[in-house]
Amino acid sequence: MLMRPQGGSLTPGKDPGSPGEKPDPRRGARPSGEEPEPPGEEPDPQVRSPNPQERSPTPGEEPEPPGEEHEPPGGQARRPSRADTQGEARGALRQREPGVAAARPESPDSPSLLPPPPPGEATKKPTPCKRCRELVDKFNQGMVDTAKKNFGGGNTAWEEKTLSKYEFSEVRLLEIVEGLCGSSDFECNQLVEEHEEHLEAWWLQLKKKYPDLFEWFCVKTLKVCCSPGTYGPDCLACQGGSERPCSGNGLCSGDGSRQGDGTCQCHLGYQGPLCTDCTAGYFSALRNATHSVCTACDESCKTCTGPTSRDCSQCEAGWAREDGACVDVDECAAETPPCGDTQYCENVSGSFVCEECDPTCVGCTGKGPGHCKECVPGYAKESGQCTDVDECAHAGGICPRRNENCYNTPGSFVCVCPEGFEEAEDACVQTRPPGDEATEENPALPPSREDL
């Protein structure tokens, strides 16, 4: 089985303690009397074991920086061969602890794993079939992404001869599997850990015989899904058959999963156990042994035999039969108006709506001040519309106090003493000191409209 070492780097390895593994002479024997390490714990990677080839720095000599290594004699480091690179990747698919995501090198800047979702989200977890399908979709996308990875477009003949095995190699499998799950996707990583041997077996041995990974992996091997058109624990055929469930006019309950009861949930306009019958408002445009097509009736029909208003078997509410067809009833033309005194009626297809009259109207027959039956006080009909009356333009004046200014407002007026004057019993009396511009004969300018 291909493994990932605990350190996270892709190197060939064997399961710890596997038969035939020789002890590393560089580690040395454990001193007598030293307590063994607890099982399951690994030595701290930051603690370096003593190396007989290392020497302590002499007084005054600076120690070597950690992590640096001496080059071998000759001044040049050995360059890894292509065989070394491929050999490291082969057999390094994954080695994970149960239920833990793949180990990766950690850095101070690397984000911590996300906390588990709150208990309330447990009901939103996807079904096993959906998780399996999503994993297969990612695997298929990985195959697409790695299809031309090792072909650089140079010497095509050399590439085809030398690299063609990459298409079916464990190296490519490793690259695909490494991209299946994010580090925080616990369920995805757990699914891969539990079944990576199946994925490896399919890739190396069964891919040609079973080219459909979903069918082989999710349906036949894990048995968490069903083939399209089947449902339930035993993957029984849906109503109407697995080729065209529900006659193609509905959805089969549990289709493609190990759940549901196989009943049909019909699309709009269809009904019946196999979704072959038409509902009210629809008529059968085509029906034979394999297909049934229902088409909507005209809006004037409750039931019909064809697409026009003359094909109505029964008229819809708000429509009445006239000259062999269903026509709209004008409810607004009734002797008793259907709307209130401050509203007007507007006819629509098969019904009516009541709209509010213009504020200048006392009763109306339509929208706006031009359809008023009468005008509210302060307005009068002018050119067929209710228009504001300017009370301040009255010849004899309308304000009762002397020196008082009149200001017209929509539908009314106000009388206000000018600036520098104050109200008295029958006049506006000046309050400005002598010398100011305002006088009884020349009152101050009127206030702005906003001040009224």
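Here are some questions and answers about this predicted model.

Reader: Hello! How many helices and how many strands are there in the protein chain?
Author: Good place to start. Both kinds of element occur in the protein chain, and the strands number 22. The count of helices is six.

Reader: What share of the residues in the protein chain is buried?
Author: A residue counts as buried when its relative accessible area is under 20%. The protein chain has 452 residues to sort in this way. The buried ones make up 28%.

Reader: And how much area does the protein chain expose?
Author: Carbon and sulfur atoms supply 51% of the exposed area. The total for the protein chain is about 30900 Å².

Reader: Which stretches have a pLDDT below 50?
Author: Let's begin with the whole protein chain, which averages a pLDDT of 76, with 65% of the residues scoring at least 70. Beyond near neighbours in sequence, one low stretch has 42 contacts in the model, and another has 80. Where pLDDT is low, the predicted coordinates should not be read in detail. The two stretches, in that order, are residues 3-54 and residues 63-114.

Reader: Is asparagine 403 buried or exposed?
Author: You can find asparagine 403 in the loop between β18 (385-388) and β19 (405-409). Its relative accessibility is 18%, and the cut-off for burial is under 20%. Therefore asparagine 403 counts as buried.

Reader: Which residue's backbone oxygen does the side chain of asparagine 403 reach?
Author: Follow the side chain of asparagine 403 to a backbone oxygen at 3.4 Å. That oxygen belongs to cysteine 428.

Reader: What is the nearest side chain of opposite charge to lysine 207, and how far away is it?
Author: Lysine 207 sits in the loop between α5 (186-206) and α6 (213-221). Leaving aside neighbours within four places in sequence, lysine 207 is in contact with Met143, Glu167, Phe168 and Trp202. Lysine 207 is buried and has no salt bridge, since a salt bridge needs the charged atoms within 4 Å. The nearest side chain of opposite charge is glutamate 167, at 6.1 Å.

Reader: Where is glutamine 141 found, and what is its relative accessible area?
Author: Look in helix α2, which covers residues 128-145. Partly exposed lies between the 20% and 50% cut-offs, so glutamine 141 falls in that class with a relative accessible area of 43%.

Reader: How far apart are the C-alpha atoms of glutamine 141 and leucine 180?
Author: Along the chain, glutamine 141 and leucine 180 are 39 residues apart. In space, their C-alpha atoms are separated by 9.3 Å.

Definitions and conventions:
Residues numbered from 1 in each chain as written. Heavy atoms only, no water. Helix = DSSP H or I, 4+ residues; strand = E, 2+ residues; numbered from the N terminus. Buried < 20%, exposed > 50% of the residue type's maximum accessible area, 1.4 Å probe, protein only. Areas by Shrake-Rupley, 256 points an atom, 1.4 Å probe, with all protein chains shown as cover. pLDDT = per-residue confidence, 0-100. Contact = heavy atoms within 4.5 Å. Polar contact = N/O pair within 3.5 Å; in protein donor to acceptor, adjacent residues only side chain to side chain. Lys, Arg positive; Asp, Glu negative; His and termini not counted.
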